[in-house]
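Me: I have a model open and would like to go through how its features get their labels. Could you take my questions one at a time?

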Amino acid sequence: MADRLGALDVSFLYLEDSTTPMHVGGLAVFEPPPDGFDHDRLVKLIKNRIAFVPRYRQRVRWVPGRVANPVWVDDESFDVTYHVRRSALPRPGSMAQLQELVARIMSRPLDLNRPLWEMYLIEGLEDGRFAILSKSHHAMVDGLAAVDIGQVILDVAPEPRLGTTDVWRPAREPTNLELFVGGVADSMRSPASIMDTVKSSLGDVKETTAGVTRNIGGVLSAAATVVRPPSASPLNVDIGEQRRYGIADTRLSDYKRVRKAHGGTVNDVVLAVVSGAIREWLMTRGENLTNRSTIRAMVPVSIRSEDNNDLGNEVTAFLCDLPVGEPDPVVRLQRVAFEMGQHKAAGQMLGAQAIVGLTGFAPPTLHAIGARAAGGLTRRVWNVVVTNVPGPQFPLYAGGAKMLATYPVVPLAKNQAVSIGLTSYDGGVYYGLNADRDAMPDVDVLADCIVAALSELVDTTTPSGRRRTVKA
């Protein structure tokens, strides 16, 4: 039986166009091992581990007539050296030069006729360091059980673990006739297929509907949030094909210190920091803010416990109005924590999940329209996406090279000037800001504002800082 793409996965293919390539990425900075690290070592590492992610040797085949969703097939001409590439900065390369290179690479769409991923070894960073940039299509890595190629090359010790004895022989690709017949056969089973699609689209809703009365309130609350449009913002403009990329480095201990002093969760502190950063950034642009000004964030959040260091994805999502008009950093945190608590108590997470799942209801031939309609909701439903994924709090290695920092690259949706991703790792919290090149020439200003907003909150944990906050 063909391995057919699910409704949500294929929607990412329909959403893709020249201004919104649907690939996600990760930038990691490494310290080389004593015996060095080069392109050949990375290629060998990928060959040794790719059997753990068989999807990375498959490509998408569309069904003639679009009578069914496309299928994954083995790429008979798969060449790992096409996907694992090499680049370099003029030595000694700065982080600013690295960010510019990342922006240019991430601006280019993936070749949809090949396996949907690329990886770049970027040499020449200052202090002898190097970087690895991974780039994978959303259709490949979306879902709880998904594993990205960037994960399988990492080890918990400098000595690489043994891979598998991989003697891979690609299965024969189906002909167009076989694809068509298989698609028609699946369509003949349409009642079951429709139910599977609905179940997969509403899976998270089902998990949260143990009490009907309780969840009716959540659905109504979410619906009210969606009906009430977010504020107009420079975060929502027409975007082009080119990107800028900004980064910010912070320490996890600072977030925990703020949480201990003022309550809430680490994620509440993160959102309060983002609120403060966007506030300062808007002020540098001369935007008019009042105490009631807000920016609505779509917030996919990991639901793993903070003590769980596994790399798997367990993510839920909701909408949160960030109080960017509030001048007091502690009050911003309290407002964020209160709204987060309200969402969880009312089941409002259903709202965002239902929005994301809208693309699963259209039949294959109408998926393009359905997916684009759902994508067009972003300007009317939220202003910015903020993703927060906890990572392991111990060092990881790739081919003996120690990973020093890791920054996510989250794709932009239509009319979305910047997306904000962050990953905690080995005591640090690393932000990656993927932005439209024309709309966000000041993305580095926003990155600096993140560091400043955290510092402002940390200052409030000291007696003198609390007095200054109260006085303000």
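**Hairpin, sheets and a helix**

Reply: Gladly! Let's begin with a hairpin: β14 and β15 form it with two residues between them, and D426 in the turn has a positive phi of about 50°. Do keep in mind that this is a predicted model.

Me: What makes β14 and β15 a pair?

Reply: Two strands count as paired when there are at least two bridges between them. Eight bridges join β14 to β15, and the two run antiparallel, so the pairing criterion of at least two is met. One place to look is S419, which stands opposite N434 in β15.

Me: Which other strand pairs with β15, and over how many bridges?

Reply: That is β8 (residues 243–251), antiparallel to β15 over nine bridges. Here I247 stands opposite G432 in β15.

Me: How do you know that β15 is mostly covered?

Reply: Nine of its nine residues are buried, and buried means under 20% relative accessible area. Both faces take part: G428, Y430, G432, N434 and D436 are buried on one side, and V429, Y431, L433 and A435 on the other.

Me: Back to the turn: why is D426 called partly exposed?

Reply: Its relative accessible area is 28%. Buried would need a value under 20% and exposed one over 50%, so a residue in between is partly exposed. D426 is in the loop between β14 (418–425) and β15 (428–436).

Me: And what is D127 called, buried or exposed?

Reply: D127 is exposed, with a relative accessible area of 73%, and the cut-off for that label is over 50%. D127 is in the loop between β6 and β7. Its phi is positive, about 65°, although D127 is not a glycine.

Me: What joins the two strands on either side of that loop, β6 and β7?

Reply: Six bridges join them, and they run antiparallel. Among the partners, W117 is bridged to S136 in β7.

Me: Which sheet has the order β5-β6-β7-β2-β13-β12?

Reply: That is an open sheet of six strands with mixed pairing. Its edge strands are β5 and β12, each of which pairs on one side only. Helix α4 (residues 95–107) lies across β2 (23–31), β5, β6, β7 and β13 (401–409), at about 155° to β5.

Me: What is special about the peptide bond between R91 and P92?

Reply: It is cis, with omega about -10°. You will find P92 in strand β5.

Me: What makes β1 and β3 edge strands in the sheet of three?

Reply: That open sheet has the order β1-β4-β3, with antiparallel pairing. β1 (3–4) and β3 (58–61) each have a single partner strand, so one side of each is left without a neighbour in the sheet. For β3 the partner is β4 (residues 71–74), paired in the antiparallel sense over four bridges. Q58 stands opposite D74 in β4.

Me: How do you know that the buried residues of helix α2 are on the same side?

Reply: The buried residues of α2 (residues 39–49) are H39, L42, V43, L45, I46 and R49. They cover an arc of only 160° around the axis, which puts them on the same side of α2. The general geometry helps here: an α-helix has 3.6 residues a turn, so residues three or four places apart point the same way. On the other side of α2, D40 and K44 are exposed.

Me: What do the buried residues of α2 pack against?

Reply: They pack against α3 (80–83), β5 (84–93), β6 (117–125), β7 (130–137), α6 (149–152) and β12 (397–398).

Me: What makes the approach of D38 to D40 a polar contact?

Reply: At the start of α2, a side-chain oxygen of D38 comes to within 3.3 Å of the backbone nitrogen of D40. The cut-off for a pair of N or O atoms is 3.5 Å, so this pair satisfies the distance condition.

Me: Where should I be careful about confidence, with pLDDT under 50?

Reply: Residues 302–315 stay under 50, and the model has 32 contacts for them beyond four places in sequence. Over residues 348–374 the pLDDT is also below 50, and this stretch has 64 contacts beyond near neighbours in sequence. The mean pLDDT of the protein is 81, and 75% of its residues reach 70 or more.

Note on methods
Residues are numbered from 1 along each chain as its sequence is written. This is a predicted model: local features need pLDDT of at least 70, side-chain atom pairs count only at pLDDT 80 or more; totals for chains, interfaces and linings use all residues. Side-chain values use heavy atoms; hydrogens and water are left out. Buried means under 20% relative accessible area, exposed over 50%, partly exposed in between (1.4 Å probe, protein chains only). The arc is that of the directions from the helix axis to the C-beta atoms. Contact means heavy atoms within 4.5 Å. A polar contact is a pair of N or O atoms within 3.5 Å; within protein, one must be able to donate a hydrogen and the other to accept it, and residues adjacent in sequence count only if both atoms are side-chain atoms. pLDDT is the predictor's confidence in each residue, from 0 to 100. Axes are lines fitted to C-alpha atoms, for helices over the stretch in contact, and angles run from 0 to 180 degrees between N-to-C directions.
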